[in-house]
Amino acid sequence: MMRRKGVGMPGVKSWMVVSERGQAHLEDVGKHSIMRRTGLPARDLRVLDPILSHPSSILGRERAIVVNLEHVKAIITATEVLMINSSNPFFLCFLQDLHTRLSKQTPSAMSNDMDGGYEAKPLAMGSDAFHVRVDSSKISAEIVTGAPAPKQLPFEFRALESCIESACRCLESETSTLEIEAYPALDELTSQLSTLNLERVRQIKSRLVAVSGRVQKVADELEHLLDDDNDMAEMYLTQKLSARLWDQASFKDGYNSEFQENDQSDESNSEKFDKFPGPKLDAEELEMLLEAYFAQTNGILQRLSSLSEYVDDTEDYINIMLDDKQNELLQDCLA
């Protein structure tokens with residue numbers, strides 16, 4: 001693993017950078033460099049500070065997505081993922097999962113280093129030609145099978161899915177561990193009422209409340225995104241980058257012929273984007289991705305709710321037992 005050192009200056013942190021191909025390396029980068037690199041304001045970077053406590057959040061910005069879910073604190077751009085380096089076992093597991101997911105996928109056309117099955121194709125635009133990348137492997141698959149190749153999610157969505165999946169897996173693991181410990185402890189308490197068993201159940205109930213709150217925060221954040229199409233549209237980073245590059249190419253072409261077509265120079269930005277030869281922003285694929293994990297978090301919440309009900313039933317049963325004991329003592333005193 002490579003490590004790129006930054007200049008010695010205050011605010012420099014060690015960041016793990018993962019490329020489109022899943023290759024990871026460490027970089028010592030300052031806050032202002034990260035801000036210039038991602039276009040994020042300082043307040044968004046504070047969300048990722050491990051020292052500060054911030055609620056779970058997924059923020060879509062013009063050039064990046066900020067993810068703060070459990071142990072996952074990442075900045076996703078159209079071409080890379082940046083994370084503050086950590087020795088947390090969950091973080092290391094997430095890093096491995098991210099590498100596996102990205103290395104199995106073909107990099108997008110926005111990659112700076114492309115080869116393999118991609119071929120440059122010219123797209124005529126006035127007097128010049130604007131080159132786009134065409135995945136010849138997909139074309140071959142369509143020719144051989146006669147069916148369109150499966151649509152590949154853009155890089156930022158594959159990275160985002162890894163982030164959400166890792167957070168959900170962590171919460172599900174903690175829920176399973178809690179269930180394994182809680183149900184036998186509660187059953188033992190009903191059969192043998194003791195101070196030791198009561199203390200065990202008290203600790204389990206405290207953990208149950210904490211885990212339920214964390215799962216609810218993740219579920220609330222996913223639901224918030226699903227309810228706002230504009231927030232989801234902001235996360236199409238590859239598509240927005242493609243539109244910017246196309247707009248720059250069209251501007252260059254227009255500059256060369258501005259004296260010939262001066263009457264067309266006042267078109268709006270939305271009209272320019274309408275002419276972009278790629279798919280229009282449609283939140284459907286991101287919505288489907290988020291809905292899958294929203295359903296998973298709801299499933300975890302249901303399991304925690306069932307456990308919470310079992311704890312409440314056990315408490316009711318213990319209270320009834322204590323009332324019976326108290327009544328027996330009163331009867332003995334009166335006798």
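A salt bridge is a side-chain nitrogen of Lys or Arg within 4 Å of a carboxyl oxygen of Asp or Glu. The exercises below use a predicted model.

**Exercise 1.** Decide what joins the side chains of Lys205 and Glu315, and where the two residues lie.

Solution.
1. The N to O distance between Lys205 and Glu315 is 2.8 Å, and their side chains meet in a salt bridge.
2. Lys205 belongs to helix 6 and Glu315 to helix 10 (residues 284-334), so the pair ties together parts that are 110 residues apart in sequence.
3. Lys205 has a relative accessible area of 32% and is therefore partly exposed; Glu315, at 31%, is partly exposed too.

**Exercise 2.** Work out which residues pair with Arg169 through Asp97 and Glu165 salt bridges, and what network results.

Solution.
1. Arg169 meets Asp97 in a salt bridge at 2.7 Å, N to O.
2. Arg169 is in helix 5 and Asp97 in helix 3 (residues 89-103), so this pair ties together parts that are 72 residues apart in sequence.
3. Glu165 also forms a salt bridge with Arg169, with the closest N and O atoms 3.3 Å apart. Both residues lie in helix 5, four residues apart, about one turn of the helix.
4. Shared partners join Asp97, Arg101, Glu161, Glu165 and Arg169 into one network of salt bridges.

**Exercise 3.** Classify Thr175 as buried or exposed, and list its contacts.

Solution.
1. Thr175 is found in helix 5.
2. Buried means under 20% relative accessible area; Thr175 has 0%, so Thr175 is buried.
3. Leaving out residues up to four places away in sequence, Thr175 touches Val211, Ile300, Arg303 and Leu304.

Definitions and conventions. Residues numbered from 1 in each chain as written. Predicted model: local features only at pLDDT ≥ 70, side-chain atom pairs only at ≥ 80, totals over all residues. Heavy atoms only, no water. Buried < 20%, exposed > 50% of the residue type's maximum accessible area, 1.4 Å probe, protein only. Contact = heavy atoms within 4.5 Å.
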